[in-house]
Amino acid sequence: VNHCLKVLILSGNKIPDAGVSALVGALRVNQSIEKLDLSNTNLSAEGVSALVNAVFVNHSLKVLILSRNRIHDAGVFALAAALKVNQNIEKLDLGGSKIGDPGVSALVEALMVNRSLKELILGLTGLSTEGVSTLSRALCVNHRIKELSLSLTSISDVGASALAGALRVNQSLEKLHLELAGISAEGASALASALRFNH
């Protein structure tokens with residue numbers, strides 16, 4: 001078993017499910033990998049479900065990058081289940097992967113109990129205003145997340161107001177990315193008001 005490799009980047013390679021299965025088998029026994037980048041690898045929900053089997057038992061993985069894949073809600077359900085158990089992953093990147101409100105709700109349930117995740121990237125995921133409202137409720141409870149990216153979404157002023165409510169009580173979030181998120185003066189005003197309470 002290799003104990004030296006800490007970072008494995010496979011971004012941009014089209015990896016079939018058979019390749020993912022082989023990777024899963026290795027991750028189940030390898031305890032040195034800290035970062036795994038499978039962005040833009042054509043990973044499907046089935047591939048994520050297989051990967052999760054390794055995440056349940058792997059105790060070294062801290063950064064998991066799955067951006068720009070076809071994981072959809074089914075894949076997020078599997079990831080959320082793993083996050084309820086795995087207390088080592090510190091960064092999860094799902095940017096550019098279409099996620100619906102059911103997937104966001106599953107993630108939120110996981111965030112209610114997970115105590116390791118510090119960075120969550122959900123930019124360009126099709127996140128709705130309802131989804132960001134649900135996520136905001138988790139931020140009122142989860143005080144471990146330090147960085148959250150919702151850039152290139154359409155959360156609009158409604159979502160910004162929901163986030164503002166969370167910022168009034170959340171004392172952990174240090175970076176909030178809202179670039180090109182459909183926010184106007186109303187949403188900006190709500191966020192500015194929250195900053196008076198967030199110290």
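Is Glu109 buried or exposed, or does it fall between the two? Hold that thought for a moment. What you see above is a predicted model. I'll start with the sheet and come back to that residue.

So, the sheet. Seven strands build it, and it is open. The order is S1-S2-S3-S4-S5-S6-S7. The pairing is parallel. Which strands stand at the edges? They are strand S1, residues 7-9, and strand S7, residues 175-177. Each has a single partner strand, so one side of each is left without a neighbour in the sheet. From one strand to the next, the twist averages 0 degrees.

A word of background. Strands in a sheet pair through backbone hydrogen bonds, and the pairing can be parallel or antiparallel.

Let's zoom in on one pair. Strand S2 covers residues 35-37, and strand S3 covers residues 63-65. They run parallel, and 3 bridges join them. Find Asp37 and look across: Ile65 in S3 stands opposite.

Next, salt bridges. How many are there? The count comes to 4. I'll walk you through some of them.

Begin with Lys6 and Glu34. Their side chains meet in a salt bridge at 3.7 Å, N to O. Lys6 sits in the segment before S1. Glu34 sits in the loop between helix H1, residues 17-29, and S2. The pair therefore ties together parts that are 28 residues apart in sequence. How accessible are the two? Lys6 has 43% relative accessibility, so Lys6 counts as partly exposed. Glu34 is partly exposed too, with a relative accessible area of 31%.

Now the pair I promised. Lys84 forms a salt bridge with Glu109, and the closest N and O atoms are 3.5 Å apart. Lys84 lies in helix H3, residues 72-85, and Glu109 lies in helix H4, residues 101-113. So this pair ties together parts that are 25 residues apart in sequence. And the opening question? Glu109 is partly exposed, with a relative accessible area of 49%. The cut-off for exposed is over 50%, so a value of 49% stays in the partly exposed class. Its partner Lys84 is partly exposed as well, at 40%.

One more pair, this time within the sheet strands. The side chains of Glu119 and Lys91 meet in a salt bridge, 3.8 Å from N to O. Glu119 lies in strand S5, and Lys91 lies in strand S4, residues 91-93. The pair ties together parts that are 28 residues apart in sequence. Glu119 counts as buried, because its relative accessibility is 18%. Lys91 is partly exposed, with a relative accessible area of 22%.

On to the backbone. Most residues other than glycine have a negative phi. Here are two residues to look at. Leu124 has a phi near 55 degrees, a positive value. Leu124 lies in the loop between S5 and H5, and is partly exposed at 43%. Then take Leu180. This residue is not a glycine, yet its phi is positive, about 50 degrees. Leu180 is in the loop between S7 and helix H7, residues 185-195. With a relative accessible area of 68%, Leu180 is exposed.

Back to the loop between strand S5, residues 119-121, and helix H5, residues 129-139. Thr125 has its place there. Is Thr125 buried or exposed? Thr125 counts as buried, since its relative accessibility is 2%. What does Thr125 touch, leaving out residues up to four places away in sequence? The list runs Leu94, Gly95, Gly96, Ser97, Lys98, Ile99 and Thr153.

Now the surface. Phe56, Val57 and Val85 form a nonpolar patch there. Together they have about 220 Å² of accessible area. Val57 lies in helix H2, residues 45-57. At 31% relative accessibility, Val57 counts as partly exposed.

Last stop, Ala185. This residue is in helix H7. Ala185 is exposed, with a relative accessible area of 63%. How far apart in space are Ala185 and Leu150? The answer is 18 Å, C-alpha to C-alpha, with their positions 35 residues apart in sequence numbering.

To recap: an open sheet of 7 strands with parallel pairing, 4 salt bridges, and a nonpolar surface patch of Phe56, Val57 and Val85. Thanks, everyone.

Definitions and conventions. Residues numbered from 1 in each chain as written. Predicted model: local features only at pLDDT ≥ 70, side-chain atom pairs only at ≥ 80, totals over all residues. Heavy atoms only, no water. Patch = residues over 30% accessible without salt bridge, like charges linked within 9 Å, V, L, I, M, F, W, Y side chains within 5 Å. Areas by Shrake-Rupley, 256 points an atom, 1.4 Å probe, with all protein chains shown as cover. Helix = DSSP H or I, 4+ residues; strand = E, 2+ residues; numbered from the N terminus. Buried < 20%, exposed > 50% of the residue type's maximum accessible area, 1.4 Å probe, protein only. Contact = heavy atoms within 4.5 Å. Pairing = 2+ DSSP bridges. Axes fitted to C-alpha atoms, helices over the stretch in contact; angles between N-to-C directions.
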